[in-house]
Amino acid sequence: MNKYRFLVLCLVCTACSSKELPFENEGNPLLAESKQLNCANQRYERTIDSLWDVVSTRLNQVLPDTMPPGRRENMIQIRNAGLLKQFKIFYTTLDTVSLNLITRSGQIDSLIARQVMELKVQRETQEKRVLDFLMKVEHQNPQAAVQWNKKFLQAAKEVCQ
């Protein structure tokens, strides 16, 4: 009889621990992926900002002070090669270094934009998996689902290096 109780107790303990293990085993990789995708998105944003900051600095240096102030500021603040090229009168007066910088920045921006679109698809797929996971946890342990949801929300807000 004692052997039987011991066996039942072991099975109950195993069942209890296996209910929590799937949360950790499934949730932690999803959480890590959320953080990784969030950080990748932040890196892309920083890269694009840095790229256009260089262009803006260059334009600030080379655009003539005689330009109408509003137009000059608008041109400096634009972060799109196609839009910059629409300032035909002033764009055509830029030096070769500035023109090449704008063209190259536009090409790099386009490449990064494609990567951002791919990342967006990955993030949407991952968000669906997170929602499926949270629903599964909710059915088994509503309190754990709340905690996991907090972890995922925190991961989405983290500032990456």
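This section describes the helices, the buried cores and the disulfide of a predicted model.

The protein contains six helices and zero strands, and its elements accordingly read α-α-α-α-α-α from the N terminus on. Of its 161 residues, 29% count as buried. The accessible surface amounts to about 11,100 Å², and carbon and sulfur atoms account for 58% of this area. Contacts across long stretches of sequence are prominent in the count: among contacts with a separation of 6 or more, 67% join residues 24 or more positions apart.

Two of the helices were examined for their length. Helix H5, which covers residues 96-140, has 45 residues, and the distance from its first C-alpha to its last is 65 Å, close to the 66 Å expected at 1.5 Å a residue. Helix H6, formed by the 16 residues 142-157, should span 22 Å at 1.5 Å a residue; its end C-alpha atoms lie 23 Å apart, which agrees with that expectation.

The distribution of buried residues was then considered helix by helix. In H6, the buried residues are Ala144, Ala145, Trp148, Phe152 and Ala155. These residues cover an arc of only 100° around the axis, and they are therefore placed on the same side of H6. The face of H6 turned away from this buried side carries exposed residues, namely Gln143, Lys150, Gln154 and Lys157. An α-helix has 3.6 residues a turn, so residues three or four places apart point the same way. In H2, Arg72, Met75 and Ile76 are buried. Viewed down the axis of H2, these buried residues fall within an arc of 100°, so that they line one face of the helix. The buried residues of H5 include nonpolar residues such as Ile102, Ile112, Leu119, Val130, Phe133, Leu134 and Val137, together with Ser98, Ser105, Gly106, Asp109 and Gln126.

Nonpolar residues are gathered in cores. In soluble globular proteins, nonpolar side chains tend to be buried together. The largest nonpolar core has 16 residues, of which Leu59, Leu63, Met75, Leu84, Leu94 and Ile102 touch the most other members. At least two residues of this core are supplied by each of H1, helix H2 (69-77), helix H3 (81-85) and helix H4 (88-91). The greatest contribution comes from H1, which gives four residues. Leucine 84 illustrates these contacts: with residues up to four places away in sequence not counted, leucine 84 touches Trp52, Val55, Leu59, Met75, Ile78, Tyr91 and Ile102. Another core, of twelve residues, lies apart from the largest one, and its members include Phe23, Leu31, Phe133 and Ala155.

A search of the whole structure identified one disulfide. This bond is formed by cysteine 39 and cysteine 160, whose sulfur atoms are 1.9 Å apart. The torsion about the S-S bond is about -75°, and the disulfide is therefore left-handed. The pair links distant parts of the chain, since cysteine 39 belongs to helix H1 (residues 2-62) and cysteine 160 to the segment after H6, 121 residues away. Both partners fall below the 20% limit for burial: cysteine 39 is buried, with a relative accessible area of 18%, and cysteine 160 is buried, with a relative accessible area of 10%.

Further contacts connect helix H1 with the segment after H6. Glutamine 42 is located in helix H1 and is buried, with a relative accessible area of 13%. Apart from residues up to four places away in sequence, glutamine 42 touches Glu158, Val159 and Cys160. The C-alpha atoms of glutamine 42 and valine 159 are 7.9 Å apart, although the two residues are separated by 117 residues in sequence. Glutamate 158 is found in the segment after H6; its relative accessibility of 29% makes it partly exposed. Leaving aside neighbours within four places in sequence, glutamate 158 is in contact with Lys35, Asn38 and Gln42. The C-alpha atoms of glutamate 158 and cysteine 39 are separated by 8.3 Å, with their positions 119 residues apart along the chain.

Note on methods. Residues numbered from 1 in each chain as written. Predicted model: local features only at pLDDT ≥ 70, side-chain atom pairs only at ≥ 80, totals over all residues. Heavy atoms only, no water. Expected span 1.5 Å × (residues − 1). Buried < 20%, exposed > 50% of the residue type's maximum accessible area, 1.4 Å probe, protein only. Arc of directions from axis to C-beta. Disulfide = S-S within 2.5 Å. Core = buried A, V, L, I, M, F, W, Y, C linked by side-chain atoms within 4.5 Å. Contact = heavy atoms within 4.5 Å. Areas by Shrake-Rupley, 256 points an atom, 1.4 Å probe, with all protein chains shown as cover.
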